[in-house]
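Let's take a friendly walk through this fold together. Have the sequence at hand and the viewer open, and follow along element by element.

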Amino acid sequence: MAIGNIAGRPFEIIGILIVWVIYTLWVISPLLIVRDIVSIWYKIPFLVMTIISILRVLVGIYFGTNTKITPLKITNTHLSNDRKIVFLSDIHVEAIHNTRYIQSIVNKIKELQPDFVLLGGDLMNTAKSDYVDAFLPFNQLEMPVYATLGNHDNM
């Protein structure tokens with residue numbers, strides 16, 4: 001089954017979406033959501049609390065799924081000439097973030113034209129051998145690509 005074909009895996013997709021929602025709530029506001037619900041539940045109507053919670057989840061998903069490019073210039077007198085490096089980390093490939101997602105990243109790397117690419121770990125979210133195919137777009141790059149494993153890559 002191809003990575004891009006998610007139609008045959010609805011339960012996996014639903015499970016991943018549930019994990020994203022839980023992870024987003026955990027990342028955005030650990031303990032604040034519980035504090036808000038307990039301390040102001042009687043002051044704010046249920047509908048307003050629901051809208052606030054949904055907005056928090058949507059903001060977390062937005063920032064968690066958009067690729068951010070941060071230019072950084074590092075000066076080192078020991079280097080004889082300038083190097084342009086792209087460093088990526090926490091890609092977390094899964095059923096939703098798959099080949100199409102990696103292809104969009106590879107396209108951005110091609111635009112930047114670096115001397116080499118560094119992958120800093122957390123390449124996959126779960127131990128699925130078919131997710132490995134999602135990284136095939138990196139073969140399109142003409143520069144060296146170096147990778148290391150992260151704490152999510154222990155499979």
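Strands S2 and S3 pair in the parallel sense, held by 3 bridges. In this pairing valine 117 sits opposite valine 145 of S3. Please keep in mind as you look around that the model is predicted.

S2 also has a partnership with S1: the two run parallel and are joined by 4 bridges. Here valine 86 faces valine 117 of S2, and leucine 88 has leucine 119 in S2 as its bridge partner. Valine 117 therefore turns up twice, opposite valine 86 and opposite valine 145.

Put together, the 3 strands make an open sheet in the order S1-S2-S3, with parallel pairing. S1 and S3 (145-147) stand at the edges with a single partner strand each, so one side of each has no neighbour in the sheet. From one strand to the next, the twist averages 15 degrees.

The two faces of S2 are worth a look. Val117 and Leu119 belong to its covered face, while Phe116 and Leu118 belong to the uncovered one.

What about the interior? The largest nonpolar core has 21 residues, and those with the most contacts inside it are Leu88, Ile91, Ile102, Ile109 and Phe138. Helix H1 (10-28), strand S1 (85-88), helix H4 (99-112) and strand S2 (116-119) each contribute at least two residues to this core. H4 gives the most, with 5 residues.

That makes H4 a good helix to inspect. Its 14 residues should span 20 Å at 1.5 Å a residue, and its end C-alpha atoms are indeed 20 Å apart, which agrees. Which residues of H4 are buried? They are Tyr101, Ile102, Ile105, Val106 and Ile109. Viewed down the axis of H4, the buried residues fall within an arc of 135 degrees, so they line one face of the helix. A general point helps here: an α-helix has 3.6 residues a turn, so residues three or four places apart point the same way. On the other side of H4, Arg100 and Glu111 are exposed. Just after H4, glutamine 113 takes a positive phi of about 50 degrees.

Finally, come back to the loop between S2 and S3. Threonine 126 lies in this loop, and so does valine 132. Is each of them buried, exposed or partly exposed? Threonine 126 is partly exposed, with a relative accessible area of 38%. Valine 132 is partly exposed too, at 44%. Each can also be paired with a residue from elsewhere along the chain, as the table sets out.

| Pair | Separation in sequence | C-alpha to C-alpha distance |
|---|---|---|
| Threonine 126 and glutamate 94 | 32 residues | 7.0 Å |
| Valine 132 and asparagine 98 | 34 residues | 9.4 Å |

To gather the threads, you can trace the parallel sheet in the order S1-S2-S3, then find the H4 face lined by its buried residues. From there, move to the loop between S2 and S3, where threonine 126 lies.

Technical notes
Residues are numbered from 1 along each chain as its sequence is written. This is a predicted model: local features need pLDDT of at least 70, side-chain atom pairs count only at pLDDT 80 or more; totals for chains, interfaces and linings use all residues. Side-chain values use heavy atoms; hydrogens and water are left out. A nonpolar core is a set of buried Ala, Val, Leu, Ile, Met, Phe, Trp, Tyr and Cys residues joined through side-chain atoms within 4.5 Å. Buried means under 20% relative accessible area, exposed over 50%, partly exposed in between (1.4 Å probe, protein chains only). Two strands pair if DSSP finds at least two bridges between them. Axes are lines fitted to C-alpha atoms, for helices over the stretch in contact, and angles run from 0 to 180 degrees between N-to-C directions. The expected span of a helix is 1.5 Å times one less than its number of residues. The arc is that of the directions from the helix axis to the C-beta atoms.
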